[in-house]
Amino acid sequence: MWRNRKRKDEGDFIDDGDVKARKNPKKAADDSDSIVVCEISKNRRVSVRNWQGKVVVEIREFYVKDGQEFPGKKGISLSMDQWSILRDHVEEIDKGVAGNS
């Protein structure tokens with residue numbers, strides 16, 4: 001049924017036989033305003049960036065596709081208020097980690 005149909009608004013999808021492809025594929029993240037603070041592991045990093053006019057601390061996984069790095073779905077962006085709360089509780093988090101090791 002879906003094989004040869006397009007959306008009514010002609011907006012998002014084009015039909016390529018059995019495969020649906022986006023007309024406007026996601027582009028690589030523009031890291032021009034991102035500062036990588038540290039790499040936690042091979043594919044995880046902490047960065048500070050401006051997102052929609054607000055500064056956020058971002059902890060995110062990245063993946064490589066066709067030689068380019070893209071941000072993955074797994075991650076969190078903390079607002080400055082959230083970052084301040086987390087930073088203020090680092091000692092308590094360390095104690096909790098030490099108590100469970």
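Of the 101 residues in the protein chain, buried residues make up 12%. The model is a predicted one, and its accessible surface comes to about 8800 Å². Carbon and sulfur atoms account for 52% of that surface.

A word on confidence helps in reading what follows. The average pLDDT of the protein chain is 78, and 68% of the residues reach at least 70. Among the elements, helix H1 (residues 80-88) has the highest mean pLDDT, at 97, while strand S2 (residues 19-22) has the lowest, at 40. Over residues 4-29 the pLDDT stays under 50, and for this stretch the model has 29 contacts beyond four places in sequence.

As for the overall layout, the protein chain contains two helices and six strands. Their order along the sequence is β-β-β-β-β-β-α-α, with the strands written before the helices. Among contacts in the protein chain with a separation of 6 or more, 10% come from residues 24 or more positions apart.

Charged side chains come next. Four salt bridges turn up in a search of the whole structure. One of these is formed by Arg44 and Glu61, whose side chains meet at 2.8 Å, N to O. Arg44 belongs to strand S4 (residues 44-51) and Glu61 to strand S5 (residues 54-65), so this salt bridge ties together parts that lie 17 residues apart in sequence. Both partners retain some accessibility: Arg44 is partly exposed at 41% relative accessibility, and Glu61 is partly exposed at 24%.

Glu58 takes part in further salt bridges. Its side chain meets that of Arg49 at 3.2 Å, N to O, and that of Arg60 at 3.3 Å, N to O. Through these shared partners, Arg49, Glu58 and Arg60 are joined into one network. How do the members of this network fall between buried and partly exposed? Glu58 has a relative accessibility of 6% and therefore counts as buried, the cut-off being under 20%. Arg60 is buried as well. Arg49, at 22% relative accessibility, counts as partly exposed.

Aromatic side chains offer a smaller set to go through. The structure holds one aromatic pair, made up of Tyr63 and Phe70. A pair of aromatic rings is described by the distance of the centres and the angle of the planes. For Tyr63 and Phe70, the ring centres are 5.7 Å apart and the planes stand at 25°, so the pair counts as stacked, for which the planes must be under 30 degrees apart. The two residues fall into separate accessibility classes: Tyr63 is partly exposed at 41% relative accessibility, whereas Phe70 is buried at 11%.

Finally, the surface carries a nonpolar patch formed by Ile40, Ile59 and Ile76. Together these residues present about 240 Å² of accessible area. Ile40 sits in the loop between strand S3 (34-39) and S4, and with a relative accessible area of 49% Ile40 is partly exposed. Strand S4, which follows that loop, is also the strand in which Arg44 lies.

Terms used: Residues numbered from 1 in each chain as written. Predicted model: local features only at pLDDT ≥ 70, side-chain atom pairs only at ≥ 80, totals over all residues. Heavy atoms only, no water. pLDDT = per-residue confidence, 0-100. Helix = DSSP H or I, 4+ residues; strand = E, 2+ residues; numbered from the N terminus. Contact = heavy atoms within 4.5 Å. Buried < 20%, exposed > 50% of the residue type's maximum accessible area, 1.4 Å probe, protein only. Patch = residues over 30% accessible without salt bridge, like charges linked within 9 Å, V, L, I, M, F, W, Y side chains within 5 Å. Areas by Shrake-Rupley, 256 points an atom, 1.4 Å probe, with all protein chains shown as cover. Phe/Tyr/Trp six-rings, centres within 6.5 Å; stacked < 30°, edge-to-face > 60°.
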